[in-house]
Amino acid sequence: VALSHTKKIHLLVVDESLTDYQHLHPEPDSLYDGTWRCSLTPKNAGKYFVFFDFIPTRSPRRVLLTSFFAVEGDRVSKPPVQEKLLYSSGKRRFELKRDESEEGGQAMKLIFEASDEDGKILALRPVMGAFAHMVAFDDELKGFAHLHPLENALPAGQEDVHEGPLTFTFSPPKEGL
């Protein structure tokens with residue numbers, strides 16, 4: 001399996017409410033050749049969708065396998081009915097803003113900003129070879145888009161930081177959430 005974004009396998013797991021998203025990196029089992037392992041703890045009851053993303057070394061083509069599983073229990077989450085482009089974690093705040101100055105065309109620009117609770121811009125450190133990644137799931141959770149910022153500021157090393165907004169372009173395949 002070839003390296004892709006500093007990892008060999010990416011496992012994207014999301015529940016039907018889109019409130020529990022986990023990006024995992026299975027590791028090869030030391031005893032069983034061809035077996036990869038990771039640990040996952042679902043946070044919600046209900047249906048989870050799994051996207052297994054890797055590139056075989058004998059083929060330059062990315063492989064995307066999909067599956068799902070159910071977690072028993074009472075569902076407490078409902079699918080979103082409106083877009084939510086703000087997420088807070090402790091004293092950190094992450095926001096996507098639509099660039100309303102863009103007109104025409106299907107592509108939209110999204111500006112990503114990370115700040116503290118007082119609005120001070122936070123420095124971003126590299127994750128998987130970039131300062132940010134964005135994942136957008138389709139409304140039926142049958143696929144996703146994996147996007148990188150337009151700013152071609154790739155980190156030279158793990159100690160590099162980026163301060164300030166990052167811009168993503170996204171072309172939704174159809175209207176809707």
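Four strands, ordered β7-β8-β9-β14, make up an open sheet with antiparallel pairing; strands here are DSSP runs of E at least two residues long, numbered from the N terminus, and two of them count as paired if DSSP finds at least two bridges between them. The edges of this sheet belong to β7 (86-89) and β14, each with a single partner strand, so one side of each has no neighbour in the sheet. On average, and with direction ignored, neighbouring strands of this sheet are turned by 20° against each other; the axes behind such angles are lines fitted to C-alpha atoms, and angles run from 0 to 180 degrees between N-to-C directions. Strand β9 (residues 108-116) runs antiparallel to β14, and five bridges join the two. One residue to look up here is Ile111, whose bridge partner in β14 is Thr167.

A word on the ground rules: this is a predicted model, with local features needing pLDDT of at least 70 and side-chain atom pairs counting only at pLDDT 80 or more, while totals for chains, interfaces and linings use all residues. Residues are numbered from 1 along each chain as its sequence is written, and side-chain values use heavy atoms, with hydrogens and water left out.

A further open sheet has four strands in the order β2-β1-β5-β6, again with antiparallel pairing. Here β2 (21-24) and β6 (63-71) take the edge positions, and since each has a single partner strand, one side of each is left without a neighbour in the sheet. From one strand to the next, the twist averages 15°. Inside this sheet, β1 (residues 9-15) and β5 (residues 46-54) run antiparallel and are joined by seven bridges. Leu12 pairs up with Phe51 of β5 as its bridge partner. As background, strands of a sheet pair through backbone hydrogen bonds, either parallel or antiparallel.

Zooming out, the protein chain has 14 strands and zero helices, a helix being a DSSP run of H or I with at least four residues. Its C-alpha atoms fill a box of roughly 50 × 45 × 35 Å along the principal axes. Of the 177 residues, 29% are buried, meaning under 20% relative accessible area (exposed is over 50%, partly exposed in between; 1.4 Å probe, protein chains only). Taking contacts (heavy atoms within 4.5 Å) between residues at least 6 apart in sequence, 52% join residues at least 24 apart. About 12,200 Å² of the protein chain is exposed, and carbon and sulfur atoms supply 50% of that; the areas come from the Shrake-Rupley method with a 1.4 Å probe.

On the charge side, there are 21 positive and 27 negative side chains, with the centres of the two sets 4 Å apart. Lys and Arg count as positive, Asp and Glu as negative, and His and the chain ends are not counted; each charge is placed at NZ of Lys, CZ of Arg, CG of Asp or CD of Glu.

Two loop residues have unusual backbones, given that most residues other than glycine have a negative phi. Met128, in the loop between β10 (123-124) and β11 (134-137), has a positive phi of about 50°. Leu141, in the loop between β11 and β12 (144-147), has a positive phi near 55°. Met128 counts as buried because its relative accessibility is 14%, and Leu141 is buried with a relative accessible area of 8%.

Glu175 sits in the segment after β14 (166-170) and is exposed, at 80% relative accessible area. Between the C-alpha atoms of Glu175 and Asp118, 57 residues apart along the chain, the separation is 35 Å.
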